[in-house]
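Me: I have a structure open and a few things to ask about it. Can we go through them one at a time?

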Amino acid sequence: MKYALATLLQDTVSALVAQGRLPAGLPAPEIARPRQEGHGDFSTNFALTAAKAAGRPPRVLAEELKAALGASALIERIEIAGPGFLNVFVAESAFHDIVRTILREREDYGRLTARPGKILLEFVSANPNGPLHVGHGRGAAYGDSLGRLLTWAGYDVEREYYVNDAGRQMDILALSVWLRYMEVGGEKIAFPETGYRGSYVADIARALRKSVGCDLQHPVADILVANPDLDADALMDTWIARLKGTLGARYRTVHGFGLDAMQADIKDDLAAFGVRYDRWYSERSLVESGGVDRALALLRASGDLYEEGGAWWFRATRYGDEKDRVVVRENGVATYFASDIAYHLEKCERGFTTLIDIWGADHHGYVPRVKGALAALGQDPGRLQVLLVQFAILYRGGQRAQMSTRSGEFVTLRELRAEVGNDAARFFYVLRKSEQHMDFDLDLAKSQSNDNPVYYVQYAHARVCSVFRQLDERGLARPDLASADLTRLDAPEERVLERTLGRFAEVIEEAARDREPHQIAYYLRDLAGDLHAYYNAQAFLSVDAPLRDARLALIAAARQVLANGLALLGVSAPESM
RNA sequence: GCGCCCGUAGCUCAAUGGAUAGAGCAACGGCCUUCUAAGCCGUUGGUUGCAGGUUCGAUUCCUGCCGGGCGUACCA
């Protein structure tokens, strides 16, 4: 609807220019939804923005434009208001057309026409060294909804999870699992501060013990050798090296056991949360296929690498980063950054025109170096769009809850889902725009989940379902909604509801453009509110048959849009509550 | 210190550079013998952190302060 009007306006202006009644080089006409109801369904400020270039006062220009827009089936009337706004009132028949279109297209209503370009959407990608916590949950809910949104907006989208199964963090998990394994075997150990101390590690260790018995047995004292000259991280590296040396090929068993257990847990958790992926991309496969070496070789060939202090550095400062970055450490081990360079190069080579990465805000300093690496590799860094999700700050009992994977003191996503429910959790997460810091009050979300706005929206859907159940119970015939006489709809609540329905396609378009699924959530709340108000003001069943059919057609359309919108957020649309 | 994000009603948050800054919760007052009261209607509540600048017009863009968060690794 907005698009049709924008086209009409553009054509009208072009025609005036062609006739010489307006000069060329005017600003592009724009059309907007006025905030104020009395200002029409759409308004344009073109007379204001173009007045100077056109050489006449805004109100005069507005009159000319109004006359030139002439008669369109879409437009009921045009008013000139304020300093020169053109307020357009859309014909009722146009809204009736939308209701009929919704009823015809059903669960596909709101899908926009396909557009060119392939998008790779990477999100969550949490290290498989512990269960997902509520911070990851925000990225999961946001990423999954964004994926659905982009798909609906006509993009070709693939969703990917980058599995960091090759790095140092996984070695630390392996060591942690092995230590717990020895503990299960009866050995008393002083568990290191720098290891993963969550109880899930012991669970994995017990399963490992059950699987391999005593095969991995070795005195812990031989591994956890103290060295006061080293800091905690360097010390951890020596322990990992000792464990690898001691266990030899069997190290892979421990490493793989921890990885597989965590990976399975994460996959299961996300699937239960309604989050879907097209691909789980293994960092290790990238290393083993030589992808990392190849990327580094390319950078070396282009003169973007140099050696200093025994380490290899990427000249990130050449590409706008504030300092150069290590890709191969002094001990010969590639950094996470090195494989990430290879990964992003590989994404480009797979033919994606747009790469969207969703990262936690704590990684924001990482953006310039990745874009820099792409530029160094001859790729357009503009293809990479990094969306940063701010932290969800947890409050429990009015106090901030601690979040630390190492210590194991965190609220897991699984706990949140169990206590709040998937629907409430997903809606709650996506109700804030991603760059907004978010206060997540666990007590409120858990104990007073009735306050969660998700129920408000779901209830609106269930209410319509209930009306149709009543229709059957009263023995009234199910009408042919498509042929209902919608001109019977003239109550104020009906006009409001029809107008809100007419916004759905625009909301999808704009939410996808801005990567802001929260716009969908707010729209749904508006739509639910309009429906609830309508429900309380008008009777649907106890009216004459033609009016009843018209009203049923309208609320059926509203129910459909509610369901489609909730689907975009991964939230269910219950038929009763 | 430098970089990024944020600052809007008592609280949690919205608002493509537009007209009188909006919701929810909280507070107060109404509405169930009628399709689900997880609802509706109404009232109260604001110097959009502060000060400048750009603009016909600024919560929005720019600059400088103030306050909070996060970065600033040969961790990820």
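Reply: Let's begin with a term: a disulfide is a covalent bond between the sulfur atoms of two cysteines. In a model, a pair of cysteine sulfur atoms counts as a disulfide if they are within 2.5 Å. Keep in mind that this is a predicted model.

Me: Fine. How many disulfides does the structure hold?

Reply: Zero.

Me: What about Cys 348, buried or exposed?

Reply: Cys 348 is buried, because its relative accessibility is 6% and the cut-off for buried is under 20%. Cys 465 also counts as buried, at 7%.

Me: New topic, the RNA. Which residues come nearest to RNA strand B?

Reply: Arg 329, Arg 432, Tyr 459, Ser 466 and Tyr 522 come nearest, out of 63 residues around RNA strand B. Of the strand's atoms that come within 4 Å of the protein, 63% belong to sugar and phosphate.

Me: Which phosphate contact can I look at?

Reply: Try Arg 463: one of its polar side-chain atoms lies 2.5 Å from a phosphate oxygen of RNA strand B.

Me: And what does the side chain of Gln 390 sit by?

Reply: An N or O atom in the side chain of Gln 390 is 3.1 Å from a sugar or linking oxygen of RNA strand B. For a base, look at Asn 87, where a side-chain N or O atom is 2.9 Å from a base nitrogen of the strand.

Me: Which element gives the most to the surface near RNA strand B?

Reply: That is α17, with eight residues. The helix covers 453–473. Other elements that each supply at least two residues include α2 (46–54), β4 (85–90) and α20 (518–537).

Me: What is that surface made of, by class?

Reply: The surface near RNA strand B has 24 polar, 22 nonpolar and 17 charged residues.

Me: Switching again, to the backbone. What is the phi of Arg 106?

Reply: About 50°, a positive value, although Arg 106 is not a glycine. The residue is in the loop between α4 (92–105) and β5 (118–122). Arg 106 counts as partly exposed, because its relative accessibility is 48%.

Me: Then Val 124. Where is it found?

Reply: Val 124 is in the loop between β5 and α5 (134–152). Its phi is near 65°, again positive in a residue other than glycine.

Me: Why does Val 124 count as buried?

Reply: Val 124 counts as buried because its relative accessibility is 15%, and buried means under 20%.

Notes. Residues numbered from 1 in each chain as written. Chains lettered and ligands numbered in written order. Predicted model: local features only at pLDDT ≥ 70, side-chain atom pairs only at ≥ 80, totals over all residues. Heavy atoms only, no water. Near = heavy atom within 4 Å. Polar contact = N/O pair within 3.5 Å; in protein donor to acceptor, adjacent residues only side chain to side chain. Helix = DSSP H or I, 4+ residues; strand = E, 2+ residues; numbered from the N terminus. Nonpolar A, V, L, I, M, F, W, Y, C, P; charged D, E, K, R; others polar. Buried < 20%, exposed > 50% of the residue type's maximum accessible area, 1.4 Å probe, protein only.
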